[in-house]
Amino acid sequence: LPHVMALVQNELSEPYVIYTFRYFLHQWSAYPSDSASSEPIGVIVCKQSMHRDLANRGYIAMLSVNKNWRKRGIASALVRSSIDAMKEDGVEEIVLETEFDNYAALSLYESLGFIREKRLYRFYLNGKDAFRLVL
C-alpha cells in the first residue's frame with residue numbers, strides 16, 4: 001500500500017488519505033511492477049457497484065503511471081484490462097472524472113471509447129474543473 005500511495009501522490013494533483021486507498025484497494029486494483037525493484041510502475045484503482053439500484057456501474061477512481069515508464073502503453077493496458085474485467089462482471093457503464101486540461105488523459109480515454117458526459121465545475125480540491133467521461 002505505501003508504494004501505491006506514493007505513486008499516486010507523486011503523479012496526481014488530488015490529495016488522497018489512506019482510507020481512500022484502503023476503500024478502493026479492497027474493492028478492485030491492478031498494478032504492474034518493475035521486476036527489478038518490485039515497486040509498482042503504474043496503478044489503476046476501480047470499483048464496481050449498483051448505481052441508484054438501477055445500473056451495474058464501474059468506476060475508475062485513479063490511474064497513475066510513473067513518469068519514467070510513460071509512453072509504453074502501460075496506462076492503456078491497465079484501463080483495457082479493467083474494462084474487460086468489469087464487463088465480464090456485467091457492468092453496463094463505466095465512468096470516471098479527469099481534469100479538464102489533462103489532455104493526455106482525455107486522449108487516452110477517448111481513444112478507448114469514452115465520451116465526455118459533462119463538465120464538473122470546481123470539482124477538484126485545487127479548484128480545477130473536471131470532465132465526467134462515460135463508456
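Me: Why is D129 called buried in this predicted model?
Reply: D129 has a relative accessible area of 11%, and because the cut-off for buried is under 20%, that value places D129 in the buried class.

Me: What makes D129 and R119 a salt bridge?
Reply: The side chains of D129 and R119 meet with N to O at 2.9 Å, and since a salt bridge asks for a side-chain nitrogen within 4 Å of a carboxyl oxygen, the pair qualifies. The two residues come from distant parts of the chain, with D129 in the loop between strand 5 and strand 6 and R119 in strand 5, 10 residues apart. Unlike buried D129, R119 counts as partly exposed, at 32% relative accessibility. Among the other salt bridges, those that share partners join E97, E117 and R132 into one network.

Me: How do you know that R132 and E117 form a salt bridge?
Reply: The closest N and O atoms of R132 and E117 are 3.9 Å apart, which is within the 4 Å limit, and therefore the pair is counted. This pair, too, links distant parts of the chain, R132 lying in strand 6 and E117 in strand 5, 15 residues apart.

Me: Why are R132 and E117 both called partly exposed?
Reply: The class runs between the 20% limit for buried and the 50% limit for exposed; R132 stands at 21% relative accessibility and E117 at 47%, so both values fall inside that range.

Me: What makes E99 and K128 a tie between separate parts of the chain?
Reply: Their side chains meet in a salt bridge at 3.5 Å, N to O, and because E99 lies in strand 4 while K128 lies in the loop between strand 5 and strand 6, the pair ties together parts that are 29 residues apart in sequence. E99, at 12% relative accessibility, counts as buried, whereas K128, with 28%, is partly exposed. The structure holds 7 salt bridges, when the pairs are counted throughout.

Me: How do you know that the buried residues of helix 4 lie on the same side?
Reply: In helix 4, residues 103-111, the buried residues are A105, L106, L108 and Y109. They cover an arc of only 165 degrees around the axis, which is why they can be placed on the same side of helix 4. Helical geometry fits this, because residues three or four places apart in an α-helix point the same way. Y103, A104 and S111 are exposed and sit on the face turned away from that buried side. The cover over the buried residues includes strand 3, helix 3, strand 4, strand 5 and strand 6.

Me: What makes strand 2 and strand 3 a pair?
Reply: Strand 2 (residues 42-51) and strand 3 (residues 55-65) share 10 bridges in the antiparallel sense, and as at least two bridges are required, they count as paired. As one example, I44 has L63 as its bridge partner in strand 3. In this hairpin, which has 3 residues between the strands, R52 takes a positive phi near 55 degrees.

Me: Why should residues 29-34 be read with caution?
Reply: Over residues 29-34 pLDDT stays under 50, although the model has 22 contacts for them beyond four places in sequence. Where pLDDT is low, the predicted coordinates should not be read in detail. For the protein chain, the mean pLDDT is 80, and 72% of its residues reach 70 or more.

Technical notes: Residues are numbered from 1 along each chain as its sequence is written. Side-chain values use heavy atoms; hydrogens and water are left out. Helices (H or I, at least four residues) and strands (E, at least two) are DSSP runs, numbered from the N terminus. pLDDT is the predictor's confidence in each residue, from 0 to 100. Contact means heavy atoms within 4.5 Å. Buried means under 20% relative accessible area, exposed over 50%, partly exposed in between (1.4 Å probe, protein chains only). The arc is that of the directions from the helix axis to the C-beta atoms.
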